[in-house]
Structures are given as structure tokens and as C-alpha cells.
Amino acid sequence: MSLKDKVVIITGASSGIGAATTAKLVEKGAKVVIGARREERLKELADKFPKDTVIYQKTDVSNLDDMKSLANLAIQKFGRIDAIYNNAGVMPTALLNEYRHDEWQSMVNINIMGVLNGIEAVLPTMEKQGSGHILATSSVAGHVVYPGSAVYCGTKFAVRAIMEGLRQEEGSKGIKSTIISPGAVDTELYKSVSGEQAQKDLIESWKQPNKSLKAEDIADGVVYALDSSDRTSVSEIIIRPTAQE
Ligand code: NDP
């Protein structure tokens with residue numbers, strides 16, 4: 001489908017992959033509705049584009065009412081929802097025996113419930129339309145488990161399972177689903193990592209040649225999936241930096 005005038009909702013668009021994807025979609029002529037918790041960052045991004053191309057609303061994806069309200073904004077402003085990219089996520093990694101219960105809860109609420117809330121917010125509209133495309137950001141960490149990342153990996157495995165179930169249940173109704181699984185990407189995600197040293201280590205590892213991607217590299221994958229023909233379902237895209245093990 002051509003992306004011209006298509007209406008796409010993106011969560012986690014206040015930085016990183018979500019912000020880069022917003023910019024790429026605008027280039028392709030889409031109307032983009034963006035959400036995240038940092039409203040000033042959303043405004044800053046929306047203000048870069050012609051009026052009514054990118055609209056925004058403060059949104060916490062772990063709150064179903066917030067997600068429904070973001071979906072309603074898209075309908076009120078543009079009359080339909082062609083796609084949603086459930087991309088918001090946090091990565092406060094730590095060993096299991098550190099028992100960081102609050103961080104576990106927050107990853108479950110944002111990384112898993114955020115995707116489910118996004119699905120629930122748009123699926124009735126897409127089923128009525130008889131078309132739509134739901135994307136979500138999993139990760140290479142949705143394929144492989146790393147020490148210190150068990151819970152984060154668990155949430156990203158869950159995203160892949162949920163999205164595969166969605167594909168099986170909704171594909172015959174004309175609704176596509178795509179899992180976006182990035183390897184290391186140089187974004188602000190390190191800020192959600194617990195502990196100063198762990199943050200420094202991650203930033204250092206991203207600085208090695210070809211060991212990290214730019215957010216725009218992932219945005220290219222999202223555009224590829226969204227731009228595919230009606231008969232094509234791009235179920236998953238894994239994009240790794242060339243030198244990532
Ligand atoms: P960023 O930290 O730059 O972006 C994360 C985004 O999620 C921000 O816009 C943040 O906005 C938003 N967010 C976090 N919590 C919430 C919430 N409760 N409600 C709404 N928005 C929220 O990192 P990335 O761009 O890298 O991350 C995007 C996705 O990519 C995440 O799901 C991440 O797990 C995944 N990923 C990243 C990789 C990497 O190496 N960077 C690798 C593989 C996957 P705000 O704080 O304003 O709410």
C-alpha cells in the first residue's frame with residue numbers, strides 16, 4: 001500500500017526508534033499520531049513538520065484508557081486508523097537475585113501490557129474497516145536470553161508470542177501484524193538501564209565499529225513492512241548491526 005495519507009499511530013515516539021519512524025513516515029506522506037509520557041518531546045517533534053501532519057498526546061501505554069484516548073484522537077482528527085506501531089519499551093536490566101520487583105512490574109506493564117493495550121485500542125476499529133496493520137517492537141532479546149536480562153528478554157519473547165497469535169487470529173480478516181526485532185541501536189534506552197556502570201558499559205559497547213545501529217535503520221524496516229502490498233504480510237524483521245555477535 002502507498003503510505004500517502006495513511007494514518008499511523010506510534011507509541012514511544014518521544015525519542016529513538018519511534019521518533020525516527022515518525023520522521024520517515026512523514027517523508028512518505030503519512031499522517032502520524034504520536035504518544036509517550038514526555039509531552040514536551042512529542043511537541044518538539046510534531047513542530048518540525050507541517051501543521052496537522054503529526055499530532056500528539058501524552059500517553060502512558062500501560063494505561064488502557066490512555067491508549068484508547070490516543071486511538072480516538074486519530075479517528076477524530078483523521079477519520080480512520082491504518083496502522084499502529086506499538087514501540088514503547090523500557091530495559092531496566094539486572095540479575096534475578098537482585099529482586100527488583102518494581103522494575104519487573106514496570107517491564108511487564110510497559111513492554112507487554114503496553115502492546116496488548118495498543119492492540120485493544122485499535123482492533124475494533126480495524127475489524128470494522130476490514131483492514132489495518134499492527135506492528136510491535138520485540139528485539140533480538142526476544143530470540144535469545146542474556147544473563148542480567150531475563151525479565152526484559154521475557155517481555156520481548158512475550159511480544160513475539162502475542163504478535164504471532166494476532167497474525168493467526170486476524171490475518172484472515174485483512175489485518176496484518178509485524179514484529180520488529182532490532183539488535184543494538186544507539187538510542188536513549190540506556191537511560192532505563194539500572195546502575196551508572198551498566199549504563200556506561202552499554203554506551204561503550206554501542207560505540208564499537210558496526211556494533212550499533214541508528215534509529216533510522218529500524219525506521220527503514222518499519223516503512224518496508226508498512227509499504228508492502230495487500231497480499232504480503234511481513235511477519236517479522238530482524239535487523240542487527242553487522243558486527244553484533
Ligand atoms: P528510547 O528510550 O529512545 O525510546 C523508548 C520510548 O518508549 C520513549 O519514547 C519513551 O518515552 C517510551 N516509553 C517508555 N515507557 C513508556 C510508557 N509507559 N508509555 C509511553 N511511552 C513510554 O529507546 P528505543 O528507541 O531504543 O526503544 C524503542 C523500543 O525498541 C523499545 O521497545 C525497546 O525495548 C526496543 N529495542 C531497543 C533496542 C536498542 O538497542 N535500543 C534493541 C531492541 C529493541 P517516554 O519516556 O517519554 O514515555
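Helix α1 (residues 16-27) supplies three residues to the shell around the ligand, the largest share of that shell. The model is a predicted one. This briefing covers the ligand shell, the packing of α1 with helix α7 (residues 215-226), and the setting of Lys200 in helix α6 (residues 196-207).

**Ligand shell**

- There are 31 residues around the ligand, and those that come nearest are Gly12, Gly16, Arg37, Arg38 and Gly89.
- Divided by class, the shell holds 13 nonpolar, 13 polar and five charged residues.

**Packing of α1 and α7**

- Two packed helices are described by the angle between their axes and by the distance between those axes.
- For α1 and α7 the angle is about 55°, and the axes lie 8 Å apart.
- The two helices, α1 and α7, are therefore oblique to each other.
- Their crossing, that of α1 and α7, is right-handed.
- On the α1 side, the contact is made by Gly16, Ile17, Ala19, Ala20, Thr21, Lys24 and Leu25.
- On the α7 side, Ala215, Glu216, Ile218, Ala219, Asp220, Val222 and Val223 make the contact.
- Nine nonpolar, two polar and three charged residues form this contact of α1 with α7.
- Gly16 appears in two settings: among the residues that come nearest to the ligand, and in the contact between α1 and α7.

**Lys200 in α6**

- Lys200 is part of helix α6 (residues 196-207).
- Lys200 counts as exposed because it has 12 C-beta neighbours inside 10 Å.
- Tyr190 is ten residues from Lys200 along the chain, and the C-alpha atoms of the two are separated by 8.4 Å.

Conventions: Residues numbered from 1 in each chain as written. Predicted model: local features only at pLDDT ≥ 70, side-chain atom pairs only at ≥ 80, totals over all residues. Near = placed C-beta within 6 Å. Helix = DSSP H or I, 4+ residues; strand = E, 2+ residues; numbered from the N terminus. Nonpolar A, V, L, I, M, F, W, Y, C, P; charged D, E, K, R; others polar. Buried ≥ 20, exposed ≤ 12 C-beta atoms within 10 Å, placed from the backbone. Axes fitted to C-alpha atoms, helices over the stretch in contact; angles between N-to-C directions. Parallel < 35°, antiparallel > 145°, perpendicular 65-115°, else oblique. Left-handed = near helix turned anticlockwise from the far one by under 90°. Contact = placed C-beta atoms within 7 Å.
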